[in-house]
Amino acid sequence: MAPTDDYAPSSCFGNFFSFKKKQQSTRSSRSVPAARTQPAAPSYYPATSEKLPAYDECVSKAFEQLDVKGDSEVERIVANAIDNVSDELRTISLDLHEHMETGMKEFHAHKVLTDYLESKGFIVTRHAYGMETAFTAEYSNGPGKRIGLCSEYDGLPGLGQACGHNLIAISGVATAIGVKAVLESGKASGKVILFGTPAEELSIGKIILVQKRAIQDNVDVALMLHPAAYHAERGAMIAIHDVRLEFFGKASHASAAPWEGINALDAMVQVWNSISMMRQQLLPTDRVHGIVTDGGKAPNVIPDYTSAFFFVRTTKFNQIGRLMHKMEECFKAAALATGCEVKWTWREIGVTKDVVANDPMADVYQRYMEKHGIQFPTPAEQAATGGGSTDFGNISYEVPSLHPMFGIHTTAANHTIQFVEAAKTEVAHKDAILASKGLTVTAVEVLRNDTLYERIQADFKKIKN
Ligand SMILES: [Zn+2]
Ligand SMILES: [Zn+2]
């Protein structure tokens, strides 16, 4: 459906990138010789434009080969089905925005979404996979491929729906309804399963789903959407792990007998300095950030206990071990230098993996959205941005997956009070509806196009290589 006069699709990302390019060219013309502005990318570096063929040409050639022309009748069924429920979804979205709940406590969202999905003819399982606020909603019209979708609905304490998960919730529902409509029309055969996935902000729900094989045993592909200040059909997200660190020393009077003490705060300061120096040798894409959670109790007592909490992030899951090892060496060195005992505990549930976008599915989504006026930055530009993480990454390592970001007519970053406001506007709702249609068309193409599906599977093998 073409945008109406009062609704121009968001293209904040395009503006953002043209601004960024201007900044870069100014800097390079001032201080870097022209011949050195495009060095060969080292092998560990994220994809860059130097390594990629001309993207637009590839996409059109790929579509010729894949025979993905876009069935206008299917697209009409999808658009009608989603437009028909848009007002109801708007009501649900505002409800979830107003009644924000934090991870694993999304009881209201769980009830609202499961009741609604049941009323729309889905087979609903509440409290799925041992999680009180998880659910599944399924519909099948016979044999065929199985489409997995995700809805999130948790918010951020102290902020609200600052990541727009109210829009993710309804986009998952809208996409499920769109796929169901196509299945009912007889234009495709197969199954759609919407997973209600709690606690994304705590990176829990989808990791548990993967651990319980909810994804691997039940779906062939997985798709979801996420709102942002920009559009990105691939939605780069990086891997993250976290560690809790403790030092145990010996208390003593800080003035009368400091030599009797073993200073656990000194150990913590030592760790901070070691990590600060270590950063100089990290990759530009690595991140280490943390806080001291206990720095001692009183200034006149040598602290016998301190603790800290760190996040480590890097672009690829298989690089996390490198960072973990470096961190542990810093911990051990500080303990040795100060005479403290040290204990560290990596997150028990495990690493949150990076999101691996399936290129053939991303291309189908992009093509639909571009037809409706959305502009996307190049894959290289997308790979160079981001810095966030999501538990959908763990799903993307199990089945071919797609996690596009859709712009909601804001320049505010996620996790800000401004984004809370942006996530409830009428225009953001329209953005979510358009993106849901794009995701539905992508899912339906997976069901209907075996050649595309072969490409999807071949692309997924890149994870193993
Ligand atoms: Zn978030
Ligand atoms: Zn989010």
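## Around strand E3

Strand E3 and strand E5 (residues 221-223) run parallel and are joined by 3 bridges. That pairing is a handy way into this structure, which is a predicted model. Within it, Leu149 stands opposite Leu223 of E5.

E3 also pairs with strand E4 (residues 190-196), again in the parallel sense, this time over 7 bridges. If you want one bridge to look for, take Arg146, whose partner in E4 is Lys191. The link between E3 and E4 goes by way of a helix: E3, helix H5 (residues 165-185) and E4 make a right-handed β-α-β unit.

How much of E3 is buried? Of the 7 residues in the strand (residues 145-151), 5 are buried, so E3 is largely enclosed by the rest of the structure.

### The whole chain

Stepping back, the chain has 465 residues, and 47% of them count as buried. Its secondary structure comes to 14 helices and 12 strands. Take the contacts with a separation of 6 or more, and 79% of them are between residues 24 or more positions apart.

### Two open sheets

E3 belongs to an open sheet of 6 strands with mixed pairing, in the order E1-E2-E4-E3-E5-E11. At its edges sit strand E1 (123-126) and strand E11 (401-402), each pairing on one side only. E1 and strand E2 (residues 135-140) pair in the antiparallel sense, with 4 bridges between them; there, Arg126 has Phe135 of E2 as its bridge partner. Helix H13 (residues 426-448) lies across E3, E4, E5 and E11 of this sheet, and its direction is at about 160° to E3.

The other open sheet has 4 strands in the order E8-E9-E7-E10, and its pairing is antiparallel. Here the edges are strand E8 (287-294) and strand E10 (341-346), each with pairing on one side only. From one strand to the next, the twist averages 20°. Helix H7 (residues 264-279) packs on this sheet, where it touches E7, E8 and strand E9 (305-314), and its direction makes about 15° with that of E9. As for the pairing of strand E7 (residues 239-248) with E10, it is antiparallel and runs over 6 bridges. Glu246 and Lys343 of E10 are bridge partners.

Here are some of the strand pairs side by side:

| Strand pair | Sense | Bridges |
|---|---|---|
| E3 and E4 | parallel | 7 bridges |
| E3 and E5 | parallel | 3 bridges |
| E1 and E2 | antiparallel | 4 bridges |
| E7 and E10 | antiparallel | 6 bridges |

### Helix H3 and its partners

Now for some helix packing. Helix H3 (residues 72-98) packs against H5 at an angle of about 150°, and their axes are 8 Å apart. Angles over 145 degrees count as roughly antiparallel, so that is how H3 is set against H5. Their crossing is right-handed. Plenty of side chains can be followed along this seam: on the H3 side they include Val74, Ile77, Ala81, Val85, Leu89 and Ile92, which face an H5 set that includes Leu167, Ile170, Val173, Ile177 and Val182.

H3 also meets H13. The two axes come within 9 Å and cross at roughly 140°, which makes H3 oblique to H13. This crossing is right-handed too. From H3, the residues involved include Glu75, Ala79, Ser86 and Arg90, while those from H13 include His429, Ile433, Lys437 and Val444. Val74, Val78, Ile82 and Ser93 of H3 are listed in the contact with H5, and they turn up again in the contact with H13.

### Two residues to look at

Asp359 has its place in helix H9 (residues 359-371). Is Asp359 buried or exposed? It has 21 other C-beta atoms within 10 Å, so Asp359 is buried; the cut-off for that is 20 or more. Ser401 is 42 residues away from Asp359 along the chain, yet their C-alpha atoms are separated by 9.1 Å. Residue 401 is also where edge strand E11 (401-402) begins.

Phe107 lies in helix H4 (residues 107-119). With 12 C-beta neighbours inside 10 Å, Phe107 counts as exposed, since the limit for that class is 12 or fewer. Which residues does Phe107 touch, not counting those up to four places away in sequence? They are Glu101 and Thr133. His127 is 20 residues from Phe107 along the chain, and 9.8 Å separates the C-alpha atoms of the two.

Methods. Residues are numbered from 1 along each chain as its sequence is written. Chains are lettered from A and ligands numbered from 1 in the order in which they are written. This is a predicted model: local features need pLDDT of at least 70, side-chain atom pairs count only at pLDDT 80 or more; totals for chains, interfaces and linings use all residues. Two strands pair if DSSP finds at least two bridges between them. A crossover is right-handed if, with the strands pointing away from the viewer, the path from the first strand over the helix to the second runs clockwise. Two residues are in contact if their C-beta atoms, placed from the backbone, lie within 7 Å. Axes are lines fitted to C-alpha atoms, for helices over the stretch in contact, and angles run from 0 to 180 degrees between N-to-C directions. Angles under 35 degrees count as roughly parallel, over 145 as roughly antiparallel, 65 to 115 as roughly perpendicular and the rest as oblique. A crossing is left-handed if the near helix is turned anticlockwise from the far one by less than a right angle, and right-handed if clockwise.
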